[in-house]
Amino acid sequence: VNTSTVTELRSLARAHNWRHFATIDDDPANAPDIMVKGEGCYLIDAQGNRYFDALSNLYCVNIGYSHGAEIGAAALAQYEQLPYCSNWGSATPPVVQLAVKLADLAPGDLNHVFFTPSGGESVEAAWKLARQYHALRGQRRWKAIARNDAYHGTTLGALSLNGNTRLRNLFEPLVPTVAHVRSTRRVERPAGETDAEFAAFLLDDIEHTIVAEGPSTVAMIIVEPVQNSGGNLTAPDGYFAGLRALCDKYGILLVADETITAFGRLGAWFGSHRYGIRPDIVTTAKGLSSAYGAIGAVIVSDCVFETFAAAPRMFVHGNTFGGHPVMAAVALKNLEIMERLDLPGHVLAKETELGGVLGELATNPMVRDVRGTGYFYAIELATSRPDGTQLTGAECGDLYGDARLADRLKQLGVLLRVYAASSPTIGPILSIAPPLVADTAEFTLLAESLTTVLGEIAEAAGL
Ligand SMILES: Cc1ncc(COP(=O)(O)O)c(C=O)c1O
């Protein structure tokens, strides 16, 4: 793409393409990059620069960028056969096949699939489904319990579940009623606390919240197997079993939001497999099609489904694009590719290597914590020097600003996400979730670039 076209596209983007979560300003430096090509784990911009996409774009291009021809052929075949037919009164072969496939891949008795166009709409549908499930059983339960800092989408219902007040506050009043409980963030917990003690502490908080809200009003508890927002918060042993027990005790549905964690990200088809979670409902999207198509799914247990089937009642919810046959054909082909390449197995085999190279970064004095699992990691930066002196806001701004961190990594050929934590006492989080086809060459590039950039930051901090 020639330079004048790139410049024009960037300025037209400012004028007409209202980007998501992007600040609008006239600074040409903030005009968007124009990305034109993808290959394997790499993105190539209009000037020909090549970047390792260490975030799978938005935690979603799980198979990487090189399967467009194969997936495109599957889409074309479906377009030629039947480009669209709703999933209301009718069904289409790829949609049915995909539902069967998901029922097969999903854990336990999660056998019934309600398709949506996105992750947020899967979450939205799950909350409505939980409410209607209780109504069918003669109970008016509407509340949800979610965790601090968690992200579940941006539609009003899903937004209400978000535990990040910066996203929520502007749009209040939100959908009633969500109570937020502690996340599984462990960095500030007492040294030496065991998993069992930490799990008991967290479960106690959840039980108190259920009781305070009134158990007979709580419809669902929603958790991610590994919480992305807040920086890859894994749960202590015993947490998910305890959560299941609390849900059973109080008749609450357990929803696992697997929008990111399903389809190989954690070295298993579902995060629920990896952690032995027994959810009543799973919400998914992203990796379901590796973002080659816009499709999400709510996967529901036999027990919840039977409540509707026995009544019998319709789930009073739907939309035009949920269960789109072309998107289903795309997702089916994506899953076929994942199986052919055994991507969950590849992640499991390689996670120790990725964890190892990232773990070495913890020796940098400005790194507070490195945590994660599978191909899903966070590096949390420090807000104080090793001697305990706090960095001022200005110092943090200088050390961790784009020029030293995100842009510098980009110069070195690595794209990842750097985001501010929800509290000023927590440093920025570097979010890492490479395509599942990434291998040693990509880990090396990632480790070298991060070592350089974090080393420069430590040096700038006088360390
Ligand atoms: C855990 C989780 N739930 C829901 C969503 C919303 O998905 P979407 O952006 O497809 O609406 C996301 C998006 O990142 C997510 O990470």
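**Strand pairing, helix packing and a pocket in a predicted model**

In this predicted model, β11 and β12 form a hairpin with 2 residues between them. G374 lies in the turn and has a positive phi of about 55°. The two strands, β11 (residues 367-373) and β12, run antiparallel and are joined by 6 bridges. One of the pairs is V367 with L381, its bridge partner in β12.

Strand β12 also pairs with β15 (residues 429-432). This pairing is antiparallel and has 4 bridges. Here I379 stands opposite L430 of β15. Burial of β12 (residues 376-381) extends to 6 of its 6 residues, so the strand is largely enclosed by the rest of the structure. In a regular strand, side chains alternate between the two faces of the sheet. In β12, F376, A378 and E380 point one way. Y377, I379 and L381 point the other way. All of these residues are buried, E380 included.

An open sheet of 7 strands follows the order β4-β10-β9-β8-β7-β5-β6. Its pairing is mixed. Strands β4 and β6 (178-181) stand at the edges. Each has a single partner strand, so one side of each is left without a neighbour in the sheet. On average, neighbouring strands are turned by 20° against each other, direction ignored. Within this sheet, β5 (residues 143-147) and β7 (residues 218-223) run parallel and are joined by 3 bridges. A144 stands opposite M220 in β7.

Two helices can be placed against these strands. Helix α5 (residues 119-136) lies across β4, β5, β6, β7, β8 (253-257), β9 (281-284) and β10 (296-301). Its direction is at about 150° to β7. Helix α9 (residues 239-250) lies across β5, β7 and β8. The angle between α9 and β7 is about 170°.

Edge strand β4 also contributes to a pocket lining. The second largest pocket holds about 630 Å³ of space. Its lining comprises 23 residues. Of these, N87, V113, F114, F305 and F315 lie nearest the pocket centre. The elements giving two or more residues to the lining are α4 (93-105), β4 (110-116) and α11 (302-310). Strand β4 supplies the largest share, 5 residues. By class, the lining of this pocket has 15 nonpolar, 7 polar and 1 charged residues.

How values were computed. Residues are numbered from 1 along each chain as its sequence is written. This is a predicted model: local features need pLDDT of at least 70, side-chain atom pairs count only at pLDDT 80 or more; totals for chains, interfaces and linings use all residues. Side-chain values use heavy atoms; hydrogens and water are left out. On a 1 Å grid over the protein atoms alone, a cavity is a set of points where a 1.4 Å probe fits but cannot get out, and a pocket is an open set with protein on both sides within 12 Å along at least five of seven lines; lining residues have an atom within 4 Å of a point. Grid points are joined across faces, edges and corners, and a volume is the space filled by probe spheres set on the points. Ala, Val, Leu, Ile, Met, Phe, Trp, Tyr, Cys and Pro count as nonpolar, Asp, Glu, Lys and Arg as charged, and the others, Gly among them, as polar. Two strands pair if DSSP finds at least two bridges between them. Axes are lines fitted to C-alpha atoms, for helices over the stretch in contact, and angles run from 0 to 180 degrees between N-to-C directions. Contact means heavy atoms within 4.5 Å. Buried means under 20% relative accessible area, exposed over 50%, partly exposed in between (1.4 Å probe, protein chains only).
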